[in-house]
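Subject: Structure handover

Hello,

Here is the structure I said I would pass on. Please open it and keep it beside this message while you read.

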Amino acid sequence: MSLKPGRLASYLTLLLAAIFFLIPVYVMVITSLKGLEEATLDRMWELPASLRWESYAVAWEKLSPHLMNSLYLAVPATIFSALLGSLNGYVLSKWRFKGADSLFTLVLFGMFIPYQSILIPLIQFLQKIQLYNTIPGLILVHVIYGIPITTLIFRNFYAGIPDEILEAAKIDGNGILGIYRRIILPLSVPGFVVVGIWQFTQIWNEFLFAVTLTSSSQHPVMVALQNLSGSQIVQWNIQMAGALLAALPTLLIYILLGRFFIRGLLAGSLKG
Amino acid sequence: MKPIKRSRTGTVPEFHSQTGGRIDEKWVGFLLLLPSLAAVAVFVYGFIGWTGAVSFTRWNSLVPDWSWAGWENYLRLFGNFRFQSDLRNTVVFTILFIAVCMILGLTLAVLLDRKLKGEHLFRNIFIFPMALSFIVTGVVWQWIFNPSTGVNLFLGKMGVEDPPVWYVDTRILPGVEWGEIQAGIPLALIPVVIAAVWQLSGFTMAMYLAGLRGIPDEIREAARVDGAGEWQVLRQVILPLLRPVTLSVIIILGHISLKIFDLVVAMTGPGANFVTDVPGVYMFEATFRGNHYAQGAAIAVIMLVMVSLLIIPYLVSNMRKEADL
């Protein structure tokens, strides 16, 4: 089989790009599998002589409490914000009242703001209600600031459900909540998967709220990882093992459910 | 999207509450939305107002001081070396980052759109960085561009005598005197741009690919029948049709770049002479390291204004477009 020159050039370009995208993965994986004496600056690109797992043991010891914090944060926050987004999206797509579109636009703005611009009052508020430096406090914050994106994705998702189905349910005597429970929710599974993956990934990876609203023992994993890599005394191979551990959950989700991940990616941007 | 058709003539029964009285279900809908609307009103708009108020006070220590300072905090910022550097860095970073993401993303999308074998695999490889956090990205790229290892090992093997020192470089090109700072491109920002491009060009590609898939083949065929070559079809037919995608890409990448924070923290920090500093980092350090709350608030407000200039026209035009449907 012969390749046309155009095709060959295409493949070569794609291959080069793929190498660029995989370089950091290569560095992370091989370095994390090296022992202390092998993880030196001049041998960065060399494969490890033998597979050594001790850097994972050390990284795990340092990060595991924070991985758990992130889990306790991301799972409930994702569930609550998906439920809220589903309800909002349902009302905004199927029960539009006068002015609903303007209100929705005002809500959407909240998704783009730099969170620095709400951080100072947010901290004071959390201190006042005694949720500062707690995981429940962070959950509350992520649920609230997740409202715009989850509402947007569900609103677009429900727009694809024909109004005729709702009309039929209305004739059968269902009200707004009855229709939601009997008709909309059962049809919402793909929407929940997309929103769930999106929110989990965002919350797991988030840094600004995490670093300003919690301290030491309550830090989610990304703050702990940053502290690990920021300290000069921690070995490089351990930093890489830590980075891989911290990235693993969202990476696994991407590998297993990539299709939905990409849908969420596009849903948040193509149709404002 | 059409609104729910509700008959006023009575052919479709109106809803009845359990007690038999008529209620307008749209009011129930509004009530269901109310908690979210209230939360956004307080936590977004209310808190923005609060931050705005703080930015006009003298609260620059641990103890809140609400005495009025007027524009003092803003004036001090705009005259200050660090903040001027931040503004320069933000502009440079934003332009480079968006430009490279768009070129790379569009190229990859056009190539993948030719239905090559392995399209799926390539696409997954290009997008996976989106699943990672900026912190992980920063931690890894920081080592790749570490002047004593990483890329420079290759350059050394290739016989480069004086390899670049990457994010440690304090040079600014061309470095024209401007206010307190030198205007130009801080070389130290380039590794940060590369890391950010690595993370988000796959997203750009996905956007363009979705756009390309939305263009019917007939349009391309018609152009080919008219004698246009592949390159001409791309330039004169496809690219103009992708303009709305390009706009979305600029908006999304632009607002990410204007508020970039975690990547810089993880990769370089403010840098010597603030060559890699950005407003997000300055705000964080001023507020939470220096307890200069009023100054931090002023930086936050400026960040918000920059993002709003980009976002509000987009949101409003989107709303109008939907209203026309």
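**The annotated spans**

Residues 27–48 of chain B are 100% helix and 0% strand, with 29 Å between the C-alpha atoms at the two ends. Before going on, note that this is a predicted model. The span just described is one of those that the UniProt record, an unreviewed entry, annotates as "transmembrane region" in chain B; the full list there is 27–48, 91–112, 124–144, 188–210, 241–261 and 293–316. Residues 293–316 of chain B are likewise 100% helix and 0% strand, and their end C-alpha atoms are 32 Å apart.

For chain A, the unreviewed UniProt entry gives the annotation "transmembrane region" to residues 12–33, 71–91, 103–123, 135–158, 179–201 and 240–262. Two of these can be checked against the model. Residues 12–33 of chain A are 95% helix and 0% strand, with 30 Å between the end C-alpha atoms. Residues 103–123 of chain A come out at 71% helix and 0% strand, and there the end C-alpha atoms are 26 Å apart.

**Chain A as a whole**

Chain A has eleven helices and zero strands. Its C-alpha trace spans about 75 × 65 × 30 Å along the principal axes. Of the 272 residues in chain A, 52% are buried. Among contacts in chain A with a separation of 6 or more, 80% are between residues 24 or more positions apart.

One helix to look at is α8 of chain A, residues 189–205. It has 17 residues and reaches 24 Å from first C-alpha to last, close to the 24 Å expected at 1.5 Å a residue. Because 14 of the 17 residues of α8(A) are buried, the helix is largely enclosed by the rest of the structure.

**Where the chains meet**

How many residues does each chain bring to the contact? Chain A brings 77 residues and chain B brings 84 residues. On the side of chain A that touches chain B, helix α11 (residues 236–267) gives the most, with 14 residues. By class, that side of chain A has 51 nonpolar, 20 polar and six charged residues.

A helix pair across the contact is worth finding on screen. The axes of α4 of chain A (residues 116–128) and α1 of chain B (residues 25–54) come within 8 Å and cross at roughly 90°. Angles of 65 to 115 degrees count as roughly perpendicular, so α4(A) is roughly perpendicular to α1(B). From α4(A), the residues that meet α1(B) are A:Ser117, A:Ile118, A:Ile120, A:Pro121 and A:Leu122. They face B:Phe43, B:Val44, B:Phe47, B:Ile48, B:Trp50, B:Thr51 and B:Val54 in α1(B). This contact has ten nonpolar, two polar and no charged residues.

Helix α5 of chain B (residues 134–144) also packs against both chains. Eleven of its eleven residues are buried, including B:Trp141 and B:Trp143. The buried residues of α5(B) pack against α1 (5–32), α10 (221–230) and α11 of chain A, and against α6 (151–157), α7 (189–213) and α11 (262–267) of chain B.

**Single residues**

A:Ile176 lies in helix α7 (residues 176–187) of chain A. Is A:Ile176 buried or exposed? It counts as buried because it has 23 C-beta neighbours inside 10 Å, where 20 or more is the cut-off. Leaving out residues up to four places away in sequence, A:Ile176 touches A:Trp95, B:Glu25, B:Val28 and B:Gly29.

B:Leu242 lies in the loop between α9 (230–241) and α10 (243–258) of chain B. It has 20 C-beta neighbours inside 10 Å and so counts as buried. With residues up to four places away in sequence not counted, B:Leu242 touches B:Tyr208 and B:Gly211.

**Backbone oddities**

Most residues other than glycine have a negative phi, and most peptide bonds are trans. Here are some exceptions.

- A:Asn133 is not a glycine, yet has a positive phi of about 60°. A:Asn133 is in the loop between α4 and α5 (135–159) of chain A, and is partly exposed, with 17 other C-beta atoms within 10 Å.
- B:Phe274 also has a positive phi of about 60° without being a glycine. B:Phe274 lies in the loop between α11 and α12 (279–289) of chain B, and is buried, with 23 other C-beta atoms within 10 Å.
- B:Leu173 and B:Pro174 are joined by a cis peptide bond, with omega about -5°. B:Pro174 is in strand β1 (residues 172–178) of chain B.

Regards

Methods: Residues are numbered from 1 along each chain as its sequence is written. Chains are lettered from A and ligands numbered from 1 in the order in which they are written. This is a predicted model: local features need pLDDT of at least 70, side-chain atom pairs count only at pLDDT 80 or more; totals for chains, interfaces and linings use all residues. Two residues are in contact if their C-beta atoms, placed from the backbone, lie within 7 Å. Helices (H or I, at least four residues) and strands (E, at least two) are DSSP runs, numbered from the N terminus. Ala, Val, Leu, Ile, Met, Phe, Trp, Tyr, Cys and Pro count as nonpolar, Asp, Glu, Lys and Arg as charged, and the others, Gly among them, as polar. Axes are lines fitted to C-alpha atoms, for helices over the stretch in contact, and angles run from 0 to 180 degrees between N-to-C directions. Angles under 35 degrees count as roughly parallel, over 145 as roughly antiparallel, 65 to 115 as roughly perpendicular and the rest as oblique. UniProt positions are given in the numbering used here, feature names are shortened, and annotations may be inferred rather than shown by experiment. The expected span of a helix is 1.5 Å times one less than its number of residues. A residue is buried if 20 or more other C-beta atoms lie within 10 Å of its own, exposed if 12 or fewer, and partly exposed in between; C-beta atoms are placed from the backbone.
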